[in-house]
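Here are my notes on the model you sent over. They run from the domain interface to the chain interface and end with some backbone oddities.

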Amino acid sequence: MNGAVPLLVLGPLLGSAVSLLLGPWPRLQRALGAVVLTGSLAVAASLLVAADDTGPVVARLSGWDAPAGITLVADRLSALVLTIALAICLAIFGYAIGQGSAEDRVEHVPSVFHPTYLALVAGINMALLSGDLFNLFVGLEVMLASSYVLITLGATSERVRLGAMYIVISLGASIGLLTTVALFYATTGTVNLADLSTVLSDVPPPVRTALQLMLLLTLATKAAVVPLHMWLPDSYPSAPAPITALFAALLTKIAVYALIRTQTLLFPREEPWLLLLVLAGATMLVGVVGGLVQDDANRLLSFLLVGHIGYMLFGLALASAEGLRGSIIYLVHHMTAQAALFLVIDLAQRRRGSTSLSELGRATAAAPALSGLILIAALNFGSVPPLAGFVAKLALLQAAVTDGTAAVMAVAAVAVLAALLTLAVMGRIFVQLYWGAPPAELSEPDGDAIDVHSRTSMRLMRGSTTVVVSAGIVLAAAAGPLAAVTGRAAEDLTVRTPYQEAVLGDLGGLP
Amino acid sequence: MNATNLSLALTIGVLYACGSYLLMQRALLRVVLGFVLFGHGANLLLLLAGGEARPVPHAGTTAPGEASDPLPQAMAITAVVITFGTTALLLALVHRAIVLHGDDLHASHTLPPPAGKGDQP
């Protein structure tokens, strides 16, 4: 199994290079993308099974041993997040092909959508599998550099202006992360995560806290944690719809994964972390309340995205195995739910050609199947039982009650309030789309007028959306096994020894 | 971690300071320059993290104990490549912004896009 781990980085990267050469033949690019993504998903799923059965799967690149060489580690957490992320990448890839806007030529220049998409996937895989801080930085950079290209795809006036802000803020955070990596090396002489986890306990506490806070600050900027979230609702909605869905589902969540990985492994805690609890509470409130007042549907969803990052931080701040389990379940749920919501809303907007909620009144009244999908996606995001959102929030709140201290219970109350407000926002969207008043200028019910897509591409878009939406039901139905796997993953994170032993121990016993 | 090169440390400080000042500017080209300085600062910091400069770390030329630490150098060259690539992308974006708008000012959602141009000479 060890040999398969580097394939997850190499495969998409090589695929990206080949895809660039295949520029004149979009059909071949599509086939290549589908093959690479499906193959990666299969490898990731088998890694998840292997990591759950026999412990972390470690690949030492070029045979160099852990502290000096580059290691890729697939433990339960990274393999689980990887599998879900790749499944979403594949579904959104189907949607993007169906929708076609991302593949459009701009002034005779063939679209670089396909090569960039695969490079983005390579970056995601590398960031998730990386066993050292520096390659985590490189993985995040590969992912973000691809996202800079995707967000300015076609380079229209709006995308250049808003994309520039996104790029500048991301790059600022990236240089901050690089600085942090350099300071980690200057302090300890290593960047390997497993090695750092043993060495850092000898570092004087003030230096250790400074390193921890720098890491938190830079990763929190990438994860859009309040008060570092301002860039997100302004930039994400400007990209083509499937790309917005992909970014919303994955990019910030990879940063949250990096936060969970580094904070649990490098800075283990016994009791809840007050700073992170406050940040989590503020993120939930600011994001959801911001979402309440938006009219543009994509901006609204972007604010909700910010708000729900707070839930994952909440579990991490609890610093207990139950809290981490809640965080991981929430991470998995949120990746699928957020993608589903962006896709169904895009399908609804397509019927009217507008993203403003006030102009979308009754947009889906004549489309019962689409309305059904929107209803499921909205209820899932609003965490109504028995869907996956409820399972995830229940796990978090149970962990909070187990802890029971005053600060934790206060943030738990904020979490419940934010969940109810989210449900109110979801209700507002659905009611407006189904029963709302249509705008005055639009006399006849539109429907097919805007829809210029062929039947097959519509079918592809609807099919991909249905798959992503049904993930909310599947995850809820599989709540038992999911809770078991994430429970074991959280246990690994709190104990830390399985990861350390897999990376540092039994040297030489591997092929 | 013995003697640290003070002049290098001061240079890094100046690069970070100028870089963060330029990053705050509204004109995109200045922001790009700020990013370049910021990146240089971070790369020098990586180099400095390897301790004092010693002979080249090349097997057969220098004994392993006397050579300088090769790991931060490897990291610095990777970071140089990344900052180089992103700088090229940013410059392309600045060019595109100037082609599209005639200026390279940051988007500001407090001003409607056409009215924002009125402030500029």
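1. A term to settle before anything else: buried area is the accessible area (1.4 Å probe) that two parts lose on being put together, summed over both. On that basis, domain 1 and domain 2 of chain A bury about 4300 Å² between them, with 77% of it on carbon and sulfur atoms. Arg76(A), Tyr95(A) and Lys253(A) supply 15% of the area that domain 1 buries against domain 2, more than any other three residues.

2. Some ground rules. This is a predicted model, where local features need pLDDT of at least 70 and side-chain atom pairs count only at pLDDT 80 or more, while totals for chains, interfaces and linings use all residues. Residues are numbered from 1 along each chain as its sequence is written, chains are lettered from A and ligands numbered from 1 in the order in which they are written, and side-chain values use heavy atoms, with hydrogens and water left out.

3. Where do the domain bounds fall in chain A? Domain 1 takes 1-268 + 496-511 and domain 2 takes 270-495; the bounds come from an automatic or database domain assignment. The domain centres, taken over C-alpha atoms, are 23 Å apart. In contact terms (heavy atoms within 4.5 Å), 46 residues of domain 1 meet 47 residues of domain 2.

4. On the polar side of that domain interface, the rule finds 3 salt bridges (a side-chain nitrogen of Lys or Arg within 4 Å of a carboxyl oxygen of Asp or Glu). Asp492(A) and Arg76(A) form a salt bridge through their side chains, at 2.7 Å from N to O. There are also 10 residue pairs in polar contact, both at pLDDT 80 or more. A polar contact here is a pair of N or O atoms within 3.5 Å; within protein, one must be able to donate a hydrogen and the other to accept it, and residues adjacent in sequence count only if both atoms are side-chain atoms.

5. Which elements of domain 1 give two or more residues to the side that touches domain 2? They are α3 (76-99), α8 (205-222), α9 (231-235), α10 (241-266) and α19 (497-504) of chain A. Helices (H or I, at least four residues) and strands (E, at least two) are DSSP runs, numbered from the N terminus. Chain A has 19 helices and 2 strands in total.

6. Now the chain interface. Between chain B and chain A, about 2900 Å² is buried, and carbon and sulfur atoms give 78% of that. 36 residues of chain B are in contact with 31 residues of chain A. The rule finds 0 salt bridges across this interface, and 2 residue pairs in polar contact (both at pLDDT 80 or more). On the chain B side, α1 (6-23), α2 (28-49) and α3 (70-101) each give two or more residues, and α3(B) gives the most, with 15.

7. Finally, some backbone spots to look at in the viewer. The peptide bond from Val226(A) to Pro227(A) is cis, with omega near 5°, and Pro227(A) sits in the loop between α8 and α9 of chain A. Another cis bond joins Pro385(A) and Pro386(A), with omega about 5°; Pro386(A) is in the loop between α14 (368-381) and α15 (388-403). Ser62(A), although not a glycine, has a positive phi of about 55°, and lies in the loop between β1 (57-60) and β2 (71-74) of chain A.
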